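Work through these exercises with the structure open beside you. Try each task before reading its solution.

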Amino acid sequence: MDKIAVIIPIYNSQNTIAKCIKSILNQNYRNFMIVCIDDGSTDSSINIIQSFKSDSIVILSKQNGGPSSARNLGLSYAFKHDFQFITFIDSDDYIDQDYLLKLYNLLKKHNVDIVCSSYYLTTKLKDKRVKHFTNDIKLNNIDALNVLLEDRHIQSHSPCKLYKINTWIDVKYPEYIVSMEDQATIYKTFINSNYIFITNYTGYHYVQD
C-alpha cells in the first residue's frame, strides 16, 4: 500500500484531539503516519497524543504561527519522507473507519490526482450530510477548478480530500494572512492535477460546537 501522511495542525486541542487521533488509528487502511504539528500549544494536547504510544504518530513542534505555518511544516515533512499521498484533518474533527481506504480506492480506481469527499456537519444532536453532486463525477482539472471557484459543489477546505503529493509541488499556504488561507491555496493543487474525482461518500465529521 502507498503511504499517506495525515497532517493535523494542533493548538490547544485537549478537549477534542483524543477522539480525532483514535478515529485515525482505527482506520482500515493501515499504511499511514499521523503528522501532528504542535503549533505552540499551552495545554495538555501533546501529552494526550503521546499517551497513545503509537509508531504511527509523529509530533513536530513549532512556535505558534497559525494553521498555515503548521500545515506547511507538515507538507515539508511529507515531501522529505517520501509519502505518496496527503490528507488533512482538523484537530477537533474525526473520520469514519473506512475514510482513508475509501478515498484511496476511489483515487486508484478512477486514476485521478485528488478525491474530494462529502462530509457531515456534526453537532451533539445530529449529523447533517453535506453532499456535492447527485452522482459521483470525474472532472478534468479546469472543469473541477471552475466548480471549486463557485464554492457550491466543492469547497476549498483543506480536509475532505486525498491528494497525490505531486499536486503540492511548489504549493504553500500563505503565512501572512490570518483567514481564508484555504481559499488562497487549494485551487493551486487543482491546477497541478490532471483529473479530480468528486464523491458523495461521507466519512469526515466536521464538528460544530
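**Exercise 1. Decide whether methionine 1 is buried or exposed, and list its contacts.**

Solution. The model is predicted, so every step here works on computed values. Start with the position: methionine 1 sits in the segment before S1. Next, take its relative accessible area, which is 63%. Exposed means over 50%. Therefore methionine 1 is exposed. Now look for contacts, leaving out residues up to four places away in sequence. Methionine 1 touches Tyr29, Arg30, Asn31 and Leu101. Last, take a distance. Methionine 1 and asparagine 64 are 63 residues apart along the chain, and their C-alpha atoms are separated by 34 Å.

**Exercise 2. Do the same for serine 13: is it buried or exposed?**

Solution. Find the residue: serine 13 is in the loop between S1 and helix H1 (17-25). Its relative accessibility is 6%. Buried means under 20%. So serine 13 counts as buried. Then check its contacts, setting aside neighbours within four places in sequence. Serine 13 is in contact with Asp43, Ser45 and Ser91.

**Exercise 3. Work out how many disulfides the model has.**

Solution. Recall the bond first. A disulfide is a covalent bond between the sulfur atoms of two cysteines. The cut-off for the pair of sulfur atoms is within 2.5 Å. Test cysteine 20. Its closest cysteine sulfur is in cysteine 36, 7.8 Å away, which is too far for a bond. Test cysteine 116. Its closest cysteine sulfur belongs to cysteine 160, and 9.1 Å is also too far for a bond. The count by this rule is zero disulfides. Add the accessibility of the two cysteines tested. Cysteine 20 is buried at 0% relative accessibility, and cysteine 116 is buried at 1%.

**Exercise 4. Describe the largest nonpolar core: which residues touch the most other members, and which element gives the most?**

Solution. Begin with the general idea. In soluble globular proteins, nonpolar side chains tend to be buried together. Now the case at hand. The largest nonpolar core has 33 residues, and Ile8, Ile21, Ile24, Ile34, Ile49 and Ile89 touch the most other members. At least two residues of this core come from each of S1, H1, strand S2 (32-39), helix H2 (45-50), helix H4 (99-110), S6 and S10. H4 gives the most to this core, with six residues. A second, separate core has 31 residues, including Val35, Ile37, Phe88 and Ile196. Zoom in on isoleucine 8. Not counting residues up to four places away in sequence, its contacts include Ile17, Cys20, Ile21, Ile24 and Ile34.

**Exercise 5. Characterise the two largest pockets: what are their volumes, and which residues lie nearest their centres?**

Solution. Take the largest pocket. It holds about 320 Å³ of space. Its lining has 21 residues, and Arg71, Asp90, Pro159, Glu181 and Asp182 lie nearest its centre. S1 (4-10), helix H3 (67-80) and strand S10 (195-207) each supply at least two lining residues. H3 gives the most, with three. By class, this lining divides into 10 nonpolar, five polar and six charged residues.

Turn to the second largest pocket. Its volume is about 250 Å³. It is lined by 13 residues, with Thr16, Lys19, Asp92, Val207 and Asp209 nearest its centre. Three of these lining residues are nonpolar, five polar and five charged.

**Exercise 6. Find how many cavities of 30 Å³ or more the structure has, and say what lines the largest cavity.**

Solution. Searching the whole structure gives one cavity of 30 Å³ or more. The largest cavity contains about 40 Å³ of space. Its lining is Cys116, Ser117, Tyr119, His132, Ile154, Gln155, His157, Cys160 and Lys161. Strand S6 (residues 114-122) supplies the largest share, three residues. Sort the lining by class: four nonpolar, four polar and one charged.

**Exercise 7. Asparagine 111 and methionine 180 have positive phi: where do they lie?**

Solution. Start from the rule. Most residues other than glycine have a negative phi. Asparagine 111 has a positive phi of about 55 degrees, though it is not a glycine. Asparagine 111 lies in the loop between H4 and S6. Its relative accessibility is 56%, so asparagine 111 counts as exposed. For methionine 180, phi is near 60 degrees. Methionine 180 lies in the loop between strand S9 (161-164) and helix H6 (186-191). With a relative accessible area of 53%, methionine 180 is exposed.

Key. Residues are numbered from 1 along each chain as its sequence is written. This is a predicted model: local features need pLDDT of at least 70, side-chain atom pairs count only at pLDDT 80 or more; totals for chains, interfaces and linings use all residues. Side-chain values use heavy atoms; hydrogens and water are left out. On a 1 Å grid over the protein atoms alone, a cavity is a set of points where a 1.4 Å probe fits but cannot get out, and a pocket is an open set with protein on both sides within 12 Å along at least five of seven lines; lining residues have an atom within 4 Å of a point. Grid points are joined across faces, edges and corners, and a volume is the space filled by probe spheres set on the points. Helices (H or I, at least four residues) and strands (E, at least two) are DSSP runs, numbered from the N terminus. Ala, Val, Leu, Ile, Met, Phe, Trp, Tyr, Cys and Pro count as nonpolar, Asp, Glu, Lys and Arg as charged, and the others, Gly among them, as polar. Buried means under 20% relative accessible area, exposed over 50%, partly exposed in between (1.4 Å probe, protein chains only). Contact means heavy atoms within 4.5 Å. A nonpolar core is a set of buried Ala, Val, Leu, Ile, Met, Phe, Trp, Tyr and Cys residues joined through side-chain atoms within 4.5 Å.
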